[in-house]
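User: Could you give me a close look at one part of this model, the way its elements pack against each other? A few individual residues would be handy too.

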Amino acid sequence: MSFARATATVGGLTLISRVGGFIRDLLTAWVLGAGVSADIFIVAQRLPNYFRSMFAEGAFTVSFVPMYSADLKARGRGPADQFADQALSFMVLVLLPITALVMMAMPWVMLGLASGYADQPEHFSRLVELGRITFPYLMFISITALQTGVLNALGRFAPGAAAPIAFNICMIAALGCTVWLRLEANLGQAWGLTISGMVQMIWLAVSCHRAGVALRLTWPRLTPDLRRLFRQMVPGAISASVIQINLIIGTHVASLLPSGSISYLYYADRLNQLPLGVIGIAIGTALLPTLSRHVQGGEREAIDHHVSRGIEFGLLLALPAAFALGLVPEPIYKALFHGGRFGLAEAHQTALALAVYAPGIPAYVASKVLTAIYFAHQDTRTPMRIAIATLVGNMVLATVLALYTPLAHVGIALASTITAWGNIGLLALSLARRGWLRLDRQLLTRAPRILAASLVMAGCLIPLATVLDPYFVDSVWVRVPALAVLVTAGLVVYGIAVVALRGVVISDFLARLRRRRK
């Protein structure tokens, strides 16, 4: 499968997943609102999701996929599959005791994660309870990440990209059951999270079987390949999870702010993550095995081409998303989230956070491309050093802006955006010094045109949003169509502008989608 075709496959399925996640967030907002109950669940589910992003989908994926791809190219399928079996066995051996220890130590873990609840015994007790229910999700989703990595290296991107759809189905079903049975909604969501991990693991196991991959648990042996994998995972755990670490820092600081602050940031970040997931994850997922093969073969021109196309695809979608979400965020929350326990005041506060998160979207998407270059060269240490500097800056900025200025929760979002651009600057500078970053003429020509098309779209959206504003606070049957008009107008104007300015050439794009890797 060509890089463009793989990106489109992953992006399309991820878009379906994110739309499902958006529906899930709408239902959650209507049922839980943006108060203490919602804050508690958000904190509880963030812990296993943080470890998932840091270790399973972060450190493990960026270390395992290049090594497995190199084994496939150099030694063939048999030795590569033996390496995968050993990696799975060690993963289970390590995660079982870690899961048990964290569940036993959950009160102390939650003190570190959200100390603002320490003086509220009832809420803290529920936080610990939900944390113990959700943490086993880490085991299931880690195995899922390994299965996905193997399939991606074999050029089968669809099963892993489709797995999060099952997650959303489980979470929506859990929310429906809790409402139907009149149970605590955050308790039902916690159980839904863990069950969804089991469902995703089973789905990937079936997909592996269909692909002729039979991953087996064996008695672990510390082979040279596994030693190298673990050495790379330690720095990879930091370098691949800047976003999640920033969210953990933001959660802790937000727990010291007025009630609802965690929820405002959560719902803002969920919309912020929509383009990040569809664009950034799709490009990073398709690019890593592709670059790994070309690095292994020393094919410099192919590396430069795919890096430039990755950045070009990213800008094509990330720039308009950043302008749209940054300049007109409030209509989305008024039209869709407003209802139940989520009022106009909550919509306004959440929109403020999204407006500040949005300018960081292009930086986060570009970081997926730049870090993939390092990981394809099996260098996880340089991104780790850069990530540490970024995290320190984010911690200081988030604390100062949130606690010592009137910005409150908006200051946490602003700190995240500032450090995202600092991170991308450091990554690019280090790559340029090594001669690993060479952008082609096509990218340098089309990037300004994509920016111009995004500005044209923004010039259309701002006055249109002002005209439609009264309709966003009407009944749901009025405000949803009004939002649809706004979104459609933005898409049409951007599409026409980017084609007219030749930011994208349709014939070239369709040709890449049809092209097969030789």
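What follows is one question about a packed pair and one long reply that moves on from there.
At what angle do α6 and α8 pack, and how far apart are their axes?

Analyst: Quick ground rules before the helices. This is a predicted model, where local features need pLDDT of at least 70 and side-chain atom pairs count only at pLDDT 80 or more, while totals for chains, interfaces and linings use all residues. Numbering runs from 1 along each chain as its sequence is written, and side-chain values use heavy atoms, with hydrogens and water left out.

On to your pair. Helix α6 covers residues 137-153 and helix α8 covers residues 185-210; they pack at about 25°, with axes 8 Å apart. (Helices here are DSSP runs of H or I, at least four residues, numbered from the N terminus; axes are lines fitted to C-alpha atoms over the stretch in contact, and angles run from 0 to 180 degrees between N-to-C directions.) That angle makes α6 roughly parallel to α8, a label for angles under 35 degrees, with over 145 counting as roughly antiparallel, 65 to 115 as roughly perpendicular and the rest as oblique. The crossing of α6 and α8 is left-handed, in other words the near helix is turned anticlockwise from the far one by less than a right angle, while clockwise would be right-handed.

Who's touching whom? On the α6 side you have Tyr137, Phe140, Ile141, Ile143, Thr144, Gln147, Thr148 and Leu151. Across from them in α8 sit residues including Leu193, Gly197, Met201, Leu204, Ala205 and Cys208, with contact meaning heavy atoms within 4.5 Å. By class, the contact of α6 with α8 has 11 nonpolar, eight polar and no charged residues. (Ala, Val, Leu, Ile, Met, Phe, Trp, Tyr, Cys and Pro count as nonpolar, Asp, Glu, Lys and Arg as charged, and the others, Gly among them, as polar.)

Zoom in on Gln147, which lies in helix α6. With a relative accessible area of 7%, Gln147 is buried (buried is under 20%, exposed over 50%, partly exposed in between, using a 1.4 Å probe and protein chains only). Skipping neighbours within four places in sequence, Gln147 is in contact with Met201, Leu204, Ala205, Cys208 and Leu215.

Met106 is another buried one, at 0% relative accessibility. Its home is helix α4, residues 106-113. Leaving out neighbours within four places in sequence, Met106 is in contact with Leu47, Val128, Gly131, Arg132 and Phe135. For scale, the C-alpha atoms of Met106 and Ile279 are 35 Å apart, with their positions 173 residues apart in sequence.

Now a second roughly parallel pair. Helix α14 (residues 344-357) and helix α17 (residues 409-434) pack at about 15°, again with axes 8 Å apart. At that angle, α14 runs roughly parallel to α17. Here α14 passes α17 in a right-handed crossing. Gln349, Leu352, Ala353, Val356 and Tyr357 of α14 make the contact with His409, Val410, Ala413, Leu414, Ser416 and Thr417 of α17. Sorted by class, those residues come out as seven nonpolar, four polar and no charged.

For an antiparallel case, try α18 (residues 441-468) and α19 (residues 476-500), which pack at about 155° with axes 8 Å apart. That angle makes α18 roughly antiparallel to α19, and their crossing is right-handed. Among the α18 residues involved are Ile450, Met457, Leu461 and Leu464, and they face a set in α19 that includes Val485, Leu486, Tyr494 and Val498. The tally for the contact of α18 with α19 is 17 nonpolar, two polar and no charged.

Two partly exposed residues round things off. His377 has 27% relative accessibility and counts as partly exposed; His377 sits in the loop between α15 (361-376) and α16 (381-403). A polar atom of the His377 side chain lies 2.8 Å from the backbone oxygen of Ile373. Beyond four places in sequence, His377 is in contact with Val295 and Trp436. Trp436 is 59 residues away along the chain, with a C-alpha separation of 9.6 Å from His377. Leu397, in helix α16, is also partly exposed at 27%, and Leu397 touches Ala415, Ile418 and Thr419, not counting residues up to four places away.

Finally, α13 (residues 330-337) has seven of its eight residues buried, so α13 is largely enclosed by the rest of the structure. Tyr333, Lys334 and Phe337 are among the buried residues.

Notes
Polar contact = N/O pair within 3.5 Å; in protein donor to acceptor, adjacent residues only side chain to side chain.
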